[in-house]
Amino acid sequence: MMKNFTGLQLQLEILRFIPKTRFITSDEILQKLKDLGIQRDLRSIQRQMQKLCEQFDIECDMRDRPYGYRWKPNTKGLDLPILNEQQSLVLMLAKQYLKGILPVSIMSSMDGFFQQAEYNLVYDSHKKSGAEWLDKVAIAPTSQPLLPAQIEHSIFREISIALYNNCLLEVHYRNQSGVEHYAEVKSLALVQQGAAQYLVVQYVDDKIRHLALHRFISAKATTFVFKRPDFNLKHYLAEQHFGFGDGKKIRFTFRIAKPSGFHLTETPLSADQSIIDEGETYLVKATVVESEMLNWWIAKFGDDLEEVSREVI
């Protein structure tokens, strides 16, 4: 018998049984659930079917008892994708990662998918290997973990609408110095950086800025559609605009003690990195973007990294 089986999981399982071309009765659904090891009484199934008929395009044949149920003509049926084991595993790993950086209000929008993935991996007797994987794989932070910044659900909804539809967004924003301003902006991209989310926007003066979602006082998606400017998010990130830089590339050369620099032999700074083993140190050369993030990276090694040279390309 299945343990900790929630009402939502029960409804998802029942929805799988609803056919499109014929009617199925509550007794038949009850038997199918029993075959899966799910014990419910007939009355509870009938109550569930009453709720599902109100929430979904399910037709109830009341001409005779027991009542029959099927999807109404021209409906898509259950609109949630039927996840396989690999997809379920990826979703559960994503949940482990995202729950540490996304606010609860945003994570809740994915609850239906996460619950279906958890059901597939943990409860389905044919997929026990997936359940074991969840105890074998984890994501370790590379820096001090921070709790996610809090974002108003209504604000995130308006931002999502504007970003998806290329609509102008009316914003009331307070920066980190406490200064407030109103503006109408073009939403270009949404970027997660650590525990915070930033909306990349273009103002009327064509300047591109990053607005932290947790600093929005209000946001409203308008009905005015704009022509998206020539903006490539991958190139923008590669130029280290989120690493507090302006895209300027340099030829970066330094020496680093072997214990501190060994990871660079496995995870290079750039595709053109060269590294020379000098005995107790490595001589490293790489093309990187000049940024404050690079300065922080250098500082964390202290005296183990020296003779730094930066040549502007």
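Disulfides come first: the predicted model holds 0 of them. A disulfide is a covalent bond between the sulfur atoms of two cysteines. For Cys60, the closest cysteine sulfur belongs to Cys53 and lies 5.2 Å away, which is too far for a bond; the cut-off for such a pair is 2.5 Å. Cysteines in this model also sit in varied surroundings. Cys60 has a relative accessibility of 27% and is partly exposed, whereas Cys167, at 8%, is buried.

The backbone offers a few points worth a look in the viewer. Most residues other than glycine have a negative phi, and most peptide bonds are trans. Against that background, the peptide bond leading from Arg65 into Pro66 is cis, its omega being near -5°. Pro66 belongs to the loop that runs between strand E2 (58-61) and strand E3 (68-71). Asn166, which is not a glycine, has a positive phi of about 55°. This asparagine is found in the loop between helix H8 (153-165) and strand E4 (167-174), and its relative accessibility of 22% makes it partly exposed. Glu307 likewise has a positive phi, near 50°, without being a glycine. Its setting is a strand, E12, which covers residues 305-312.

Helix H11 (residues 292-299) shows how buried and exposed residues can be divided around a helix. Its buried residues are Leu294, Trp297 and Ile298. Because these residues cover an arc of only 100° around the axis, they are on the same side of H11. An α-helix has 3.6 residues a turn, so residues three or four places apart point the same way. The buried residues of H11 pack against three strands, namely E9 (245-257), E11 (281-291) and E12. E12 is also the strand that holds Glu307, described above for its phi. The other side of H11 carries Trp296 and Ala299, both of them exposed.

The surface around this helix has a further feature. Phe244, Met293 and Trp296 make a nonpolar surface patch of about 340 Å². Of these, Met293 is placed in H11 and, with a relative accessibility of 34%, is partly exposed. Trp296 is one of the exposed residues on the side of H11 opposite the buried ones. H11 can thus be followed from its buried residues, packed against E9, E11 and E12, to the patch that Met293 and Trp296 make together with Phe244.

How values were computed. Residues numbered from 1 in each chain as written. Predicted model: local features only at pLDDT ≥ 70, side-chain atom pairs only at ≥ 80, totals over all residues. Heavy atoms only, no water. Buried < 20%, exposed > 50% of the residue type's maximum accessible area, 1.4 Å probe, protein only. Patch = residues over 30% accessible without salt bridge, like charges linked within 9 Å, V, L, I, M, F, W, Y side chains within 5 Å. Areas by Shrake-Rupley, 256 points an atom, 1.4 Å probe, with all protein chains shown as cover. Salt bridge = Lys/Arg side-chain N within 4 Å of Asp/Glu carboxyl O. Helix = DSSP H or I, 4+ residues; strand = E, 2+ residues; numbered from the N terminus. Arc of directions from axis to C-beta. Contact = heavy atoms within 4.5 Å.
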